[in-house]
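Here is a friendly walk through the model you are about to see. Have the viewer open and follow along.

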Amino acid sequence: MKLEDLIATAEYKQHPYGTSWQPSDEATFKELMDDVDRRGLDKDIVLYQDMVLDGWHRYLACLATKVQPRFVQFDGTDLQAAEAVHASGIRRHVAAGQQRLVRVHGQPRARAQLGLRDDRARRL
């Protein structure tokens, strides 16, 4: 089944916060689908406001393979939901060096060890 067909027939829709990241291409989705079919679902799909907040492609892969999806409800504010999606996307979509930069600048102790002042770290 094509990705577009899965999206059109899915019970849940993708939460608008999750659409800020680049959609999966067909080859990457096929790899995920094969993995879900072979090993099952590794991580629960997160629902918020009756939509998929995190795990959109995992959800579609479950639909395509008939693997039973597992859901958890996100229990937080809109701001927390947006931040969760942003953090999840950063982990997946940026280079390793950029990931380290995000982690380092998010931790006061790491900033201090690198000799970065708080005001400089915020600008980076």
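## The main core

This is a predicted model, and a good place to start is its largest nonpolar core, which has 17 residues. Inside this core, Phe29, Val52, Tyr59 and Leu60 have the most contacts. At least two core residues come from each of α1 (3-9), α2, β1 (45-48) and α3. The largest share belongs to α3, with 5 residues.

A second, separate core has 5 residues, among them Val46, Tyr48, Leu53 and Val85.

## Around Val52

Val52 is worth a click. Leaving aside residues up to four places away in sequence, Val52 touches Tyr12, Lys13, Gln14 and His15, as well as Ile45, Val46, Leu47 and Tyr59.

## Where α2 meets α3

Helix α2 (residues 26-39) and helix α3 (residues 56-65) have axes that come within 9 Å and cross at roughly 60 degrees. The crossing is right-handed.

On the α2 side, the contact uses Phe29, Leu32, Met33, Val36 and Asp37. Facing them from α3 are His57, Arg58, Leu60, Ala61, Cys62, Ala64 and Thr65. Sorted by class, the contact has 8 nonpolar, 2 polar and 2 charged residues. Two names here are familiar from the main core: Phe29 and Leu60.

## How confident is the prediction?

For the protein chain, the mean pLDDT is 78, and 69% of the residues reach 70 or more. Strand β3 (residues 71-73) has the highest confidence, at 97, while helix α7 (residues 118-123) has the lowest, at a mean of 44.

Residues 119-124 have pLDDT below 50, and this stretch has 4 contacts in the model beyond near neighbours in sequence.

Note on methods: Residues are numbered from 1 along each chain as its sequence is written. This is a predicted model: local features need pLDDT of at least 70, side-chain atom pairs count only at pLDDT 80 or more; totals for chains, interfaces and linings use all residues. Side-chain values use heavy atoms; hydrogens and water are left out. Axes are lines fitted to C-alpha atoms, for helices over the stretch in contact, and angles run from 0 to 180 degrees between N-to-C directions. Helices (H or I, at least four residues) and strands (E, at least two) are DSSP runs, numbered from the N terminus. A crossing is left-handed if the near helix is turned anticlockwise from the far one by less than a right angle, and right-handed if clockwise. Contact means heavy atoms within 4.5 Å. Ala, Val, Leu, Ile, Met, Phe, Trp, Tyr, Cys and Pro count as nonpolar, Asp, Glu, Lys and Arg as charged, and the others, Gly among them, as polar. pLDDT is the predictor's confidence in each residue, from 0 to 100. A nonpolar core is a set of buried Ala, Val, Leu, Ile, Met, Phe, Trp, Tyr and Cys residues joined through side-chain atoms within 4.5 Å. Buried means under 20% relative accessible area, exposed over 50%, partly exposed in between (1.4 Å probe, protein chains only).
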